[in-house]
Structures are given as C-alpha cells and as structure tokens.
Amino acid sequence: MPQNQGNEESNSKDKALFEKLLAKYGKAKVVIATHNRADVDAISSSYSVHRQFPNSILCTREEMTEGAKMLCAKLGIEPKPLTELNKNNFSGILVVDTSAYTLVPDAKNWPILGIIDHHRADGRDIKGEFEIIDEQSPSAAEIVANILDEKDIDENMAFALSIGIIADGARFKSARAQTFETLARLIKISKTEYAELLSYAEPGPKDEAKIAILKAMQKLNYVYASGYIIATSEGISNESDSASLITEAADVAFIAKWKDETKETRISARARGSVMVPLNEVMSTVAKRIGGAGGGHPKAAGAAVKCHTDEALKRCVGTFIELAEKQEKINSDIKYSQAIDAKLDEKDKES
Ligand SMILES: [Mn+2]
C-alpha cells in the first residue's frame with residue numbers, strides 16, 4: 001500500500017496517544033487553540049477536539065475565512081482571542097491544525113499540552129507533551145475524525161469534520177483512500193446532503209473578495225522558467241483565493257500583501273498538481289534568507305517576511321527557479337544513472 005493511503009497502524013497509534021492525552025487532561029481546564037485567520041479545517045478540527053474536553057475554551061485570532069464564520073454560526077460557537085484569557089487559570093494549550101508559533105503567536109509562554117497537526121515539519125517550532133502529527137493527512141479534520149471513537153462523534157461534529165475534509169483537501173486533490181472512507185462515514189452521521197456541506201466548504205466569494213481577486217489579476221506578472229509559468233501579484237485581501245484561481249492558468253502563483261501593522265509582507269503561494277517543487281520549501285527558504293517565517297504544504301504555502309512586496313516576490317520567484325533547477329539536475333542525474341545501469345545490464349547479458 002502506498003505510504004500516503006492512511007493506515008490502521010498509524011491511526012491506532014495516534015488514537016492511543018489521544019486517549020493518553022484525554023486521560024491526563026480530559027477533566028482539566030485547557031485551551032484548544034487553532035491558527036490565526038482560521039479556515040474551515042481549523043475550526044472543524046479544533047471544535048471537535050474542544051468537544052472532548054468539557055472544561056476547555058476554544059481560541060483563535062484575527063478574522064476567519066467566510067466558510068469558517070458560517071461554520072461557527074451554524075455550531076453556535078464564538079472562539080475567543082487567547083489574549084483575553086489568564087494563563088494562570090489553565091493547565092495549558094492544545095494546538096490544533098498548526099505547530100508554528102508564527103500562526104499562533106499568543107501561545108508563546110503557555111505550556112503546550114498537545115499538538116494535532118498535518119503540516120510539514122518546516123516552520124514547526126512548537127513542541128508539545130503529546131504530538132499527533134500526520135503530514136500525509138490532507139486535513140486536520142481527517143486526523144481528528146480518526147482518533148475519536150465513532151460513538152463520540154455527534155451530528156454537529158460530523159458536519160464540521162466533513163466540511164473540514166472537503167475544504168482543506170482542495171476538492172480531493174491530495175486525498176487518499178482513507179479520506180473518502182472517513183468522509184463517507186461522517187456524512188452519514190451528519191445526516192446532511194453533500195451539496196449543503198459543499199456550500200460551507202466552498203462558499204461563493206463576497207463582492208469585496210471578487211474585487212480583491214480581480215485587482216490581483218490586474219497587477220499580474222509572470223515569467224516562464226524551468227518549464228513553469230510563475231505568476232506574481234500584489235493583493236489587497238484574499239491573497240490565497242487569488243493565488244488558487246491564478247493557478248488554474250499558471251503553474252505557480254505568489255501573491256504578496258504588505259501589512260503595515262507588523263511591517264512585513266505576507267505571501268500566499270499555490271501550485272498546480274504537476275509542479276515538482278515543494279512550495280513549503282520555497283517559502284521556508286525565502287523566509288530564512290530575508291528574515292521571517294514560512295512553510296505549509298507542497299502545493300499551498302505561505303510566509304511572512306521582513307521586506308517590501310517587490311523584493312519579497314522577486315525572492316520567491318528566484319528561490320522557486322533555483323529549487324526547480326536543482327530538481328531538474330537531480331532528475332537528469334537519475335535518468336543518466338538509470339541509462340548507465342541499463343547499458344551495464346545489457347553488457348552483462350551479452351557476456
Ligand atoms: Mn488544515
């Protein structure tokens with residue numbers, strides 16, 4: 001079975017770890033925190049974990065995505081900013097759907113009881129007492145759905161987790177067999193039509209968002225290098241939506257936005273499935289070089305860097321091309337050695 005299919009062995013290991021975490025902190029006063037600018041996966045996974053800890057408070061900060069707001073309204077929850085809580089009243093934090101302090105800066109100086117995450121190791125600087133990390137999982141919701149006992153998943157949780165799985169997997173582009181099995185199981189429990197789930201997972205953009213995306217398109221530039229069309233632009237908001245849409249045509253998109261409050265440029269990066277260069281590596285390399293932090297997934301990544309947008313975008317394109325060339329060299333070296341091996345095999349047969 002290919003490694004990323006999800007398997008019972010790693011599921012039961014994670015499940016056992018979660019049970020230990022519950023046994024130790026299940027009754028304690030804890031905070032369940034997810035990343036800033038929470039999306040549907042972040043809310044659905046942290047909400048479902050929160051439901052396992054009767055004395056927990058759900059936290060996130062900054063504006064949520066549209067789908068996440070809709071989900072919170074449907075579930076009747078209002079996550080608080082962590083800054084409103086007094087650390088001394090809690091045993092600690094469980095961080096869900098991230099393991100990087102750049103995405104939950106308020107968690108610094110709090111005891112980290114556990115982490116549940118599916119992001120790659122780069123940029124991971126949070127260490128938890130219990131760590132449930134599955135980099136192969138397309139969503140945090142899929143991890144959470146599989147570490148919980150089926151009897152502990154009610155209609156609301158199944159609804160939330162279903163849309164987390166649908167939303168974070170970018171229409172199943174990074175799905176595995178287990179993703180479909182898990183989703184089918186959850187949809188049944190949720191007693192909801194797929195069409196309704198989809199309307200939460202992929203809500204139509206608001207007019208401001210449509211305008212922001214079109215503005216990013218107006219400012220678009222692109223280069224062709226190493227066999228890839230690399231697009232760049234500046235956004236006023238909705239950078240990740242813009243980047244996703246632009247990669248319907250280009251291979252890669254980097255969309256930058258200057259944040260005056262923090263004096264940094266935020267970058268959203270997206271790539272088409274066929275792109276061999278992992279964007280999380282591009283983002284973490286760029287951040288390392290100019291100061292800041294970056295990471296994410298191979299096809300969807302981001303960074304916050306300490307320079308202006310022009311410079312940041314130049315560095316993104318430069319680093320992408322550099323890594324693409326390295327990849328090309330590795331591929332041609334492999335082909336070359338395979339060709340030599342084949343020649344030698346032929347000779348062996350002849351003699
Ligand atoms: Mn996620």
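1. Of the 351 residues of the protein, 47% count as buried; a residue is buried if 20 or more other C-beta atoms, placed from the backbone, lie within 10 Å of its own, exposed if 12 or fewer, and partly exposed in between. The model is a predicted one: local features need pLDDT of at least 70, side-chain atom pairs count only at pLDDT 80 or more, and totals for chains, interfaces and linings use all residues. Residue numbers start from 1 along each chain as its sequence is written.

2. The protein has 11 helices and 11 strands, which are DSSP runs numbered from the N terminus (helices: H or I, at least four residues; strands: E, at least two). Its radius of gyration is 22 Å, close to the 20 Å of the globule rule for 351 residues, so the protein is as compact as a globular protein of that length. The radius is taken over C-alpha atoms, and the rule is 2.2 Å times the number of residues to the power 0.38.

3. Among contacts in the protein with a separation of 6 or more, 60% are between residues 24 or more positions apart. A contact requires the C-beta atoms of two residues, placed from the backbone, to lie within 7 Å.

4. One open sheet has 5 strands in the order S2-S1-S3-S4-S5, with parallel pairing; two strands pair if DSSP finds at least two bridges between them. Strand S2 (56–59) and S5 are at the edges with a single partner strand each, so one side of each has no neighbour in the sheet. From one strand to the next, the twist averages 15°. Axes are lines fitted to C-alpha atoms, for helices over the stretch in contact, and angles run from 0 to 180 degrees between N-to-C directions.

5. Strand S1 (residues 30–34) runs parallel to S2 and is joined to S2 by 4 bridges. Val31 has Ile57 in S2 as its bridge partner. Helix H1 (residues 8–25) packs on the sheet, touching S1, strand S4 (112–117) and S5, and its direction makes about 145° with that of S5. H4 also packs on the sheet, touching strand S3 (92–96), S4 and S5, at about 110° to the direction of S4.

6. Ala312 lies in helix H11 (residues 309–350). Ala312 is buried, with 28 other C-beta atoms within 10 Å. Leaving out residues up to four places away in sequence, Ala312 touches Ala256, Thr265, Ile267, Val305 and Cys307.

7. Glu135 sits in the loop between strand S5 (130–133) and helix H4 (140–147). Glu135 counts as exposed, with 12 C-beta neighbours inside 10 Å.
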